Amino acid sequence: MFTISGTPTATGTFNYTVTTTGTCTQATAVGSITVNPNSTISLSSAAGTNAQVKCVNTATTSITYSVGGSGTGAGVTGLPAGVTGSFAGGVFTISGTPTATGTFNYTVTTTGGSCTQATATGTLTINGNSTIALSSASGADGQTKCSGTAITVLRIPVGGSGTGAECNWSSSRCKEALQAVCSR
């Protein structure tokens with residue numbers, strides 16, 4: 001018995017001929033082994049586009065992946081609402097405007113072909129927009145006071161992705177008279 005075995009590392013069609021040895025007429029067997037490539041995927045947009053931090057309702061920068069080998073398409077899981085993936089001409093593109101907040105770890109997986117599929121991963125971090133709301137007593141945001149009379153304290157919490165606030169005054173005299181502290 002003659003055995004052909006192994007694990008191919010090169011792709012292509014490989015023809016073979018096996019011929020017996022001995023003293024009489026020799027016999028031959030011919031055949032071929034076709035080795036198809038595994039699917040491949042690689043980031044083809046700018047470095048870092050696969051790890052974006054955006055605000056909700058703000059368009060992402062397009063993320064593109066080149067699909068090759070035996071891959072004929074791709075799909076994606078893990079994207080936030082409002083962001084989708086599409087395949088055309090050997091390129092898988094992720095784009096859109098996220099409408100949900102959070103950290104979204106996505107995976108792009110090649111499709112097609114009969115060989116091993118390839119994957120690529122990335123992360124979209126979508127922050128909520130800043131919020132600010134008056135939480136002081138009703139009417140405290142529109143006070144009328146006499147000189148020398150303390151104002152009602154204004155409490156204005158900052159939320160969402162806001163990390164602080166600025167106090168801007170319409171009158172420099174008012175700014176000098178009141179000691180305002182803005183903090184989260």
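Colleague: Which residues does Val-108 touch, leaving out those up to four places away in sequence?

Modeller: In this predicted model, Val-108 touches Ile-41, Tyr-65, Phe-92 and Ile-94. Its list also has Ala-74, Gly-75 and Val-76, plus Ala-118, Thr-119 and Ala-120.

Colleague: And which residues touch the most other members in the largest nonpolar core?

Modeller: Val-108 is one of them, along with Ile-41, Tyr-65, Phe-92, Ile-94, Tyr-106 and Leu-124. That core has 17 residues.

Colleague: Which elements give two or more residues to this core?

Modeller: Those are strand 5, strand 8 (91-96), strand 9 (102-111) and strand 10 (119-127). As background, nonpolar side chains tend to be buried together in soluble globular proteins.

Colleague: OK, surface now. Which residues make the nonpolar surface patch?

Modeller: Phe-2, Ile-4, Phe-14, Tyr-16 and Ile-33 make it, and the patch covers about 480 Å².

Colleague: Where does Ile-4 lie?

Modeller: Ile-4 is in the segment before strand 1 (12-19). With a relative accessible area of 47%, Ile-4 is partly exposed.

Colleague: Let's do loops. Where is Thr-49, and is Thr-49 buried or exposed?

Modeller: Thr-49 sits in the loop between strand 3 (40-43) and strand 4. Thr-49 counts as buried because its relative accessible area is 9%, and buried means under 20%.

Colleague: What is Thr-49 in contact with, apart from neighbours within four places in sequence?

Modeller: Leu-43, Thr-61, Ser-62 and Ile-63.

Colleague: Next one: where is Asn-57?

Modeller: Asn-57 is in the loop between strand 4 (51-55) and strand 5 (63-68). Asn-57 is exposed, with a relative accessible area of 52%.

Colleague: What's the phi of Asn-57?

Modeller: Phi is near 65° there, which is a positive value in a residue other than glycine. For context, most residues other than glycine have a negative phi.

Colleague: Last stop, Gly-82. Where is its place?

Modeller: Gly-82 is found in the loop between strand 6 (73-77) and strand 7 (83-88).

Colleague: Why does Gly-82 count as partly exposed?

Modeller: Because its relative accessibility is 43%, and partly exposed runs between the 20% and 50% cut-offs.

Colleague: What does Gly-82 touch, not counting residues up to four places away in sequence?

Modeller: Gly-82 touches Ser-95, Gly-96, Thr-97, Pro-98 and Thr-99.

Colleague: And what distance separates the C-alpha atoms of Gly-82 and Thr-144?

Modeller: Those C-alpha atoms are separated by 46 Å, and the two residues are 62 residues apart along the chain.

Terms used. Residues numbered from 1 in each chain as written. Predicted model: local features only at pLDDT ≥ 70, side-chain atom pairs only at ≥ 80, totals over all residues. Heavy atoms only, no water. Helix = DSSP H or I, 4+ residues; strand = E, 2+ residues; numbered from the N terminus. Buried < 20%, exposed > 50% of the residue type's maximum accessible area, 1.4 Å probe, protein only. Patch = residues over 30% accessible without salt bridge, like charges linked within 9 Å, V, L, I, M, F, W, Y side chains within 5 Å. Areas by Shrake-Rupley, 256 points an atom, 1.4 Å probe, with all protein chains shown as cover. Salt bridge = Lys/Arg side-chain N within 4 Å of Asp/Glu carboxyl O. Core = buried A, V, L, I, M, F, W, Y, C linked by side-chain atoms within 4.5 Å. Contact = heavy atoms within 4.5 Å.
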